[in-house]
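Reader: I would like a close look at one part of this chain, the nonpolar core. Please describe what forms it and then set it in the context of the rest of the chain.

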Amino acid sequence: MTMVMLSDGRDKLCKVIQYGSRVLMAQSKASNKESYLMYKTLFENFRDSRKIFRLLKFVNEIQTIMKSIGKNEDGDPVDQVIFVASRVGFMLYWLFDNLLILSKLKVLKSNSQTFMKPSMFFWWLGVTFTLARTLRRLQQLKDTLLILWNFIQKKKKKKSEIDS
């Protein structure tokens with residue numbers, strides 16, 4: 001876990017360099033072909049090297065799932081099921097993404113593209129469950145606000161009746 005957390009900081013630094021080189025690449029494209037190629041190489045190398053930092057990220061998701069099981073803060077079991085489903089989706093995304101990276105690095109002898117479809121499917125699943133949970137919570141918030149609004153309107157009506 002500590003290893004993964006430390007790699008997040010390194011990844012952010014590499015991301016700044018990667019996207020900084022992309023900006024410089026775009027600026028030098030028309031004016032200086034040599035600089036353009038240098039920044040393009042830098043961008044591509046950092047893009048590929050940042051993939052290493054994603055290894056073992058599925059462990060974070062496993063820990064999140066384990067913490068949330070049996071811990072139901074708001075008492076809504078449906079919300080907890082949707083949350084765990086989204087985290088399982090992301091855990092499987094990271095797992096297949098790791099297999100994809102390892103096959104691209106030739107650590108695994110499989111074709112890397114065989115891991116692309118399952119990876120993207122589980123990412124979509126995680127995002128879909130997260131969206132469903134968010135929409136459900138927004139609906140609950142709307143219902144609560146409606147109750148509060150009605151309560152305030154009743155108070156105002158009572159106050160105006162007392163005042164008149």
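**The core and its surroundings**

Author: In this predicted model, residues 24 or more positions apart account for 65% of the contacts in the chain with a separation of 6 or more. The chain has five helices and zero strands, and its pattern along the sequence reads α-α-α-α-α. The radius of gyration is 24 Å, well over the 15 Å that the globule rule gives for 164 residues, so the chain is more spread out than a compact globule. Along the principal axes, the C-alpha atoms fill a box of roughly 85 × 45 × 30 Å.

Now to the core itself. The largest nonpolar core is made of eight residues: Phe 58, Ile 65, Phe 83, Val 84, Met 91, Tyr 93, Trp 94 and Phe 122. Two or more of these residues come from each of α3 (57-68) and α4 (77-104). Helix α4 gives the largest share, five residues.

Ile 65 is one of the core residues, and its contacts can be listed. Leaving aside residues up to four places away in sequence, Ile 65 touches Val 84, Arg 87, Val 88 and Met 91. Among these partners, Val 84 and Met 91 are also listed in the core.

A second place to look is the loop between α2 (33-50) and α3, where Lys 51 is found. Lys 51 counts as buried because its relative accessibility is 19%, and buried means under 20%. With residues up to four places away in sequence not counted, Lys 51 touches Ile 101 and Lys 104.

Nonpolar side chains also appear at the surface. A nonpolar surface patch of about 760 Å² is formed by Leu 131, Leu 135, Leu 138, Leu 141, Leu 145, Leu 148, Phe 151 and Ile 152. One of these residues, Leu 141, lies in helix α5, which covers residues 116-163. Leu 141 has 47% relative accessibility and therefore counts as partly exposed.

Two totals complete the account. Buried residues make up 27% of the 164 residues of the chain. The chain exposes about 11,800 Å², and carbon and sulfur atoms supply 66% of that area.

Definitions and conventions
Residues numbered from 1 in each chain as written. Predicted model: local features only at pLDDT ≥ 70, side-chain atom pairs only at ≥ 80, totals over all residues. Heavy atoms only, no water. Patch = residues over 30% accessible without salt bridge, like charges linked within 9 Å, V, L, I, M, F, W, Y side chains within 5 Å. Areas by Shrake-Rupley, 256 points an atom, 1.4 Å probe, with all protein chains shown as cover. Salt bridge = Lys/Arg side-chain N within 4 Å of Asp/Glu carboxyl O. Helix = DSSP H or I, 4+ residues; strand = E, 2+ residues; numbered from the N terminus. Buried < 20%, exposed > 50% of the residue type's maximum accessible area, 1.4 Å probe, protein only. Core = buried A, V, L, I, M, F, W, Y, C linked by side-chain atoms within 4.5 Å. Contact = heavy atoms within 4.5 Å. Rg over C-alpha atoms; globule rule 2.2 N^0.38 Å.
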